Every structure is written in structure tokens, then in C-alpha cells.
Amino acid sequence: MNTDNTTFNQDLSDSIINTGLHIILTTDEDDSRPVYISGNFNNWRTQDKEFVMEKIGNGSYHYKFSHDFDYPAMLLYKFTKGDWSEVEIDSHGNRTENRSTDAHTGIQNEHVARWRKNWLPFKQSYLPQVQLISDEFKIPQLNKTRKIWALLPHDYDHSSESYPVMYLQDAQNLFNEKAEFGNWEIDKKLAVMSEYKIGKIIIIAIEHAEEDRIKEYNVGKTVLGKGQGKKYIRFVTDTLKPYVDSNFRTKKEREFTGIGGSSMGGLISIFSGLRNPETFGKLMIFSPSLWVVPELKIDAKKANTADTKVYLYAGGDESKTMIEHIKKFQNDLLSNQFIEDKSQINLSINRQGKHSETYWSDEFPKAIEWLFFNKKNS
């Protein structure tokens, strides 16, 4: 323990601690990011400003619970740098178990060896099973075929569980190490999530149509010409989903079914959700190309939209209008009453974010957790 921390501990001891629990944290890895305590006392929220720790020296932090704090019978907690993607890990890169104490006063000394960075590192044993559904899956609506993948939980073959499903566009950029512009690393992110017991989900990854990608993801007549998006959406809802539900152990209901993507893939996912709320209860929309369709028609009369959840992400360094467009879309969803409760929309903005796989990769596990596994208890 460093000198600053030893002195601080001594000062606390000298003052007779009987007015609340003091937690002293030391860490071998330190930087400018704040450190938070998350636990069963605040529903495991990771950026709760009431539980940010005070820095008292190089690699040293302190938090004091108030004298009238309502303690659980057993206080459970972990330390994060502000998100589960940056949670504490041990010196070997392994997850740490929940810390605990039943003390309400005195000093609790803790130490963190390392912190996760963007959900990594991951363990090979938790990687999802990647299964090629077909090299040439038939799309009768477009008279084409397509390569489609399924990413199944790592222990799928050893369980009898049924799982929620997320349909994602642009499979070429989701877990392909040779992707030209990088990839989302969803396999690695799902591995870490599974280790924390929040990643049990089936991902259906649909490859895009190469030179016809924009045409397939474009709906109606727009500035990009006449699109085939309506037929593509019918393929996902009328052909692909029934096949997936028949061949995998899925939770078929809309509240367990999501669709998502980025850029034009985000746009077609928006239309899929707006046109088929009875099918998709979760939308994961990253950096959508809303400039293509400045005025989206939102039908508030569609049934079963009350519990639809939408995760929206935009980067401030993508274009001059990206953040403006995505905020307007959020407001339109609310004003048209497609979604009545603002808490059902999570708007995430990274002011430094660019239009690239790197930033969508970082956002993917946060979106999956919020959409499907909102209660964090480990």
C-alpha cells in the first residue's frame, strides 16, 4: 500500500470510525477515469454518481457510506471504471467474484489488479458456437440466396434452455477477422458476457448483398433510388425467423426477439421494427442512415408496441447531422406514441465516435445487455 493511502487509513483510524463504512481501494493500473462502486445497494448501476470514489493518491481511492445508509444484510459490490466493459479483473485477466461485507462501520481495504478494456480479454471456452446455417439460404422474396450464420451460446449443446434471438445485418463485419474495415468482435464480446452470465442469446447474422447491399437495405423510393427493403424485411420475418424458430431452441415471442445493425443496416432494422412490431420487440440501431429518409412514417396504431425497447447509438464525429437525426428519431418515436415511455429508449452518444466498426463493437455488448439482460447481479 502506498504512503498516501497508509496516511489516509491512519487518519481514519484516529478519528474513531463509527459513522459509516469506509472503503479504501488500491489499484495497480490507474488512469484519469473515475472509479465507481456498483452493488446490490444500487441495482448494480455502473455510473451512479452517488457512488463514485474519491481519488486520494496515485492508485488510491476512498468511499464513505453515510451514517444513515440503508445497508443490505450482506453488502455485495464490485469496482468499475464506469461500465461493465471496464470492470475489475484479477492479475491473470479473470473475472473477480462479488466482494462482500456485513460491516456497517470501520475500514474495508480492497485491491484491484487490473481492469477490463472494451470487454476484453476473453476466454476461449466461453466463445459462442459459430454455425453456418447455409451458404445459399434461399430468399424467395428477392429470388436470391445468402450466407447466414448462427452464433449459439457456448454451452448450447449441453443445455435444454431456450434463448432470445437477435437478427443482425452485415454479417461480414460482425466476427470476421479478415473484414476489410475491421469487425465488431461480437464472438469475443459474447464470450465475456457469458462469463458474467449476461450473454445467453442466439445471434442470427445475415450477410449483406455485396454490390446490392444499399438496394436491399433501402425501403421505397428515396434519394438512393428504388429500394428492395420491403421484400428483404418480409424475408426476415416470413421466411428466416420461422426457420430459426423451428431449428433452434428460441424464445419465439416478440419480447425476446430483436433486430439490429449499423448505417444502412441500422436503417433497414428501423423499418423492420416499425413495420413489424408484433415480431420485433427489441431494436438495436447504430449510426442509422436517416438522411436517406428524412421523414420516417411512424404508425402509432400498430399493435403491441408498449414494451418495445430501442437502443440508439450515434457518434459525434460521423457527420454534421448524425446526432441531430438520431435525436429527432427518438423524439418522433415518443411524439407519435410508438413508444410511450422514454425509459424504453436508450440514447447513447459518443462525441468522439466515428462511423466505424470499432465504435459499434464497443457499443454492441452494452446494447445487448440493456435490451435483453437489464438486471445485472454479478
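Which residue in S7 does Leu76 stand opposite? The views below come to that pairing in the last legend, where Ser100 is the residue opposite Leu76.

This is a predicted model, in which local features need pLDDT of at least 70 and side-chain atom pairs count only at pLDDT 80 or more, while totals for chains, interfaces and linings use all residues. Residues are numbered from 1 along each chain as its sequence is written, and side-chain values use heavy atoms, with hydrogens and water left out.

**View 1. An open sheet of eight strands, with mixed pairing.** Its strand order is S10-S11-S13-S12-S16-S17-S18-S19. Strands here are DSSP runs of E with at least two residues, helices are runs of H or I with at least four, and both are numbered from the N terminus; two strands pair if DSSP finds at least two bridges between them. S10 (129-139) and S19 (345-350) each have a single partner strand, so one side of each edge strand lacks a neighbour in the sheet. From one strand to the next, the twist averages 15°. Angles run from 0 to 180 degrees between N-to-C directions, with axes fitted as lines to C-alpha atoms, for helices over the stretch in contact.

**View 2. Strands S12 and S13 side by side, with helices on the sheet.** S12 (residues 165-168) and S13 (residues 202-206) are parallel and share four bridges; look for Val165, whose bridge partner in S13 is Ile202. Helix H5 (residues 264-275) packs on the sheet and touches S16 and S17 (282-286), making about 150° with the direction of S16. Helix H4 (residues 229-247) lies across S10, S11 (144-152), S12, S13 and S16 (257-262), at about 125° to S10. Contact means heavy atoms within 4.5 Å.

**View 3. Helix H2 (residues 186-195), mostly covered.** Here 10 of its 10 residues are buried, where buried means under 20% relative accessible area, exposed over 50% and partly exposed in between (1.4 Å probe, protein chains only). Charged names appear on that buried list too, among them Asp187, Lys188, Lys189 and Glu195. The cover includes S11, S12, S13 and helix H7 (357-372). Just after H2, Lys197 has a positive phi of about 65°.

**View 4. Strand S5 (residues 75-80) and its partners S2 and S7.** Five of the six residues of S5 are buried, so the rest of the structure largely encloses this strand. S2 (residues 36-39) runs antiparallel to S5, joined by four bridges, and Gly39 has Tyr77 as its bridge partner in S5. S7 (residues 99-101) also pairs with S5 in the antiparallel sense, over three bridges; here Leu76 stands opposite Ser100.
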